[in-house]
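Hello,

Here is the structure I said I would pass on. My notes on it follow below the files.

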Amino acid sequence: MSRQTLPPEALDDTDRAILNSLQEGFPLTPRPFDDAGAALGLTGAELIGRLERLRAIGAITRFGPFYDAAAMGGAFCLCALSAPQADFDRIADLVNAHPEVAHNYARDHALNMWFVLATATPEAIAETAGQIEAETGLTVWRFPKLREFFIGFRVAA
Amino acid sequence: MTVLDDTDRRLIAATQAGLPLVEAPYARIAADLGLTETQVITRLSVLHARGVIRRIAIAPNHYALGMTANGMSVWDVEDAQAAGLGEKVGALDFVTHCYLRPRAPVWRYNLFAMLHGQSRAEVEQKRAQVRALLGAACRADDILYSTRILKKTGLRLKDG
């Protein structure tokens, strides 16, 4: 995923309206692009064309259903470890090699690597964390969510 | 815990990377899975109603949209007040995620709130608003800025 900011002229008002509107939801209807486009003054084909372009320029990272691992009987867990700077990239490769690692960020703190495990079963969180500990020789601190407060997903485009 | 049947699992596997950008995406998925379009729409609707699907939507790239500063603000809040204050922090319109999490021997913070902005200065202003809201119930806080995305694939379930 690109961390480059797009120049302001890369998005016109219609692109911004699409980004704002489709963060809220997308219809479960036979012709969903026609239906979503109608609210934006676009035909379905025009909306598809815009979305293809927004994806190509990196303005959107994903489009589709967002699944909840816990509701599927699986689990999510935020984890952190302290990787020695000199060994950071090798440790990141070891961590990222696990398909259970959904995302991973370097952060400026003594705990400098923060990643999320998403697994098909709750038990697999501890198993995967244990494997990462065995491979890296580092303690994997686990921070499962105890409570989730209102989540606003929206980013104003 | 929600019981998913084999068809649900195939449907999840076929859609977790995204929907096809075609006029009738659910019909396309149905054809790939040997189902009807109505079956796909009905199953996805049921999964949505059950909370297995949190939403069907686009995820914008924060960075592309200029939100280049991303800080995980963390707060050591008195346990008895943490749930009530977490609700208030989560309700702030600039907080995108807010969770209560356990402390650890190397980690004193129990409330996590993600803050995004066009600059670190903007994120720090937001952090100051959270600090003001928490008041004396907060004993210490920190913020961890992301310096690099090492991986971002989203949820991928293994087969079975």
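**Confidence**

In chain B, the mean confidence is lowest in strand 3 of chain B, at 89, and highest in helix 2 (residues 25-33) of chain B, at 98. The model is predicted, and these values are pLDDT scores. Chain B as a whole averages a pLDDT of 90, with 94% of the residues scoring at least 70. For chain A the average is 91, and 93% of the residues score at least 70. Among the elements of chain A, strand 5 (residues 141-143) of chain A has the highest mean pLDDT, 98, while strand 6 of chain A has the lowest, 90.

**Strand 3 of chain B and its partners**

Strand 3 of chain B covers residues 95-100, and 5 of its 6 residues are buried. Strand 3 of chain B is joined to strand 6 (residues 147-148) of chain A by 2 bridges, and the two run antiparallel. In that pairing, E148(A) is opposite Y99(B).

Within chain B, strand 3 of chain B also pairs with strand 4 (residues 111-117) of chain B, antiparallel and over 4 bridges. Here the bridge partner of Y99(B) is F112(B), in strand 4 of chain B. Y99(B) thus stands opposite E148(A) and is bridged to F112(B).

**V40(B)**

Measuring by C-alpha atoms, F112(B) is 37 Å from V40(B) in space and 72 residues from V40(B) in sequence. V40(B) belongs to helix 3 (residues 37-49) of chain B. V40(B) counts as buried because its relative accessibility is 0%, and the cut-off for buried is under 20%. Leaving out residues up to four places away in sequence, V40(B) touches L11(B), Y26(B), I29(B), A30(B) and L35(B).

**Helix 1 against helix 3 in chain A**

How do the axes of helix 1 of chain A and helix 3 of chain A cross, and within what distance do they come? The axes of helix 1 (residues 13-22) and helix 3 (residues 44-56) of chain A cross at roughly 90° and come within 11 Å. Helix 1 of chain A is therefore roughly perpendicular to helix 3 of chain A, since angles of 65 to 115 degrees count as such.

On the helix 1 side of chain A, the contact involves T14(A), D15(A), I18(A), L19(A) and L22(A); these meet L47(A), R50(A), L51(A), R53(A) and L54(A) in helix 3 of chain A. By class, this contact between helix 1 and helix 3 of chain A has 6 nonpolar, 3 charged and 1 polar residues.

Regards

Terms used. Residues are numbered from 1 along each chain as its sequence is written. Chains are lettered from A and ligands numbered from 1 in the order in which they are written. This is a predicted model: local features need pLDDT of at least 70, side-chain atom pairs count only at pLDDT 80 or more; totals for chains, interfaces and linings use all residues. Side-chain values use heavy atoms; hydrogens and water are left out. Axes are lines fitted to C-alpha atoms, for helices over the stretch in contact, and angles run from 0 to 180 degrees between N-to-C directions. Angles under 35 degrees count as roughly parallel, over 145 as roughly antiparallel, 65 to 115 as roughly perpendicular and the rest as oblique. Contact means heavy atoms within 4.5 Å. Ala, Val, Leu, Ile, Met, Phe, Trp, Tyr, Cys and Pro count as nonpolar, Asp, Glu, Lys and Arg as charged, and the others, Gly among them, as polar. Buried means under 20% relative accessible area, exposed over 50%, partly exposed in between (1.4 Å probe, protein chains only). Two strands pair if DSSP finds at least two bridges between them. pLDDT is the predictor's confidence in each residue, from 0 to 100.
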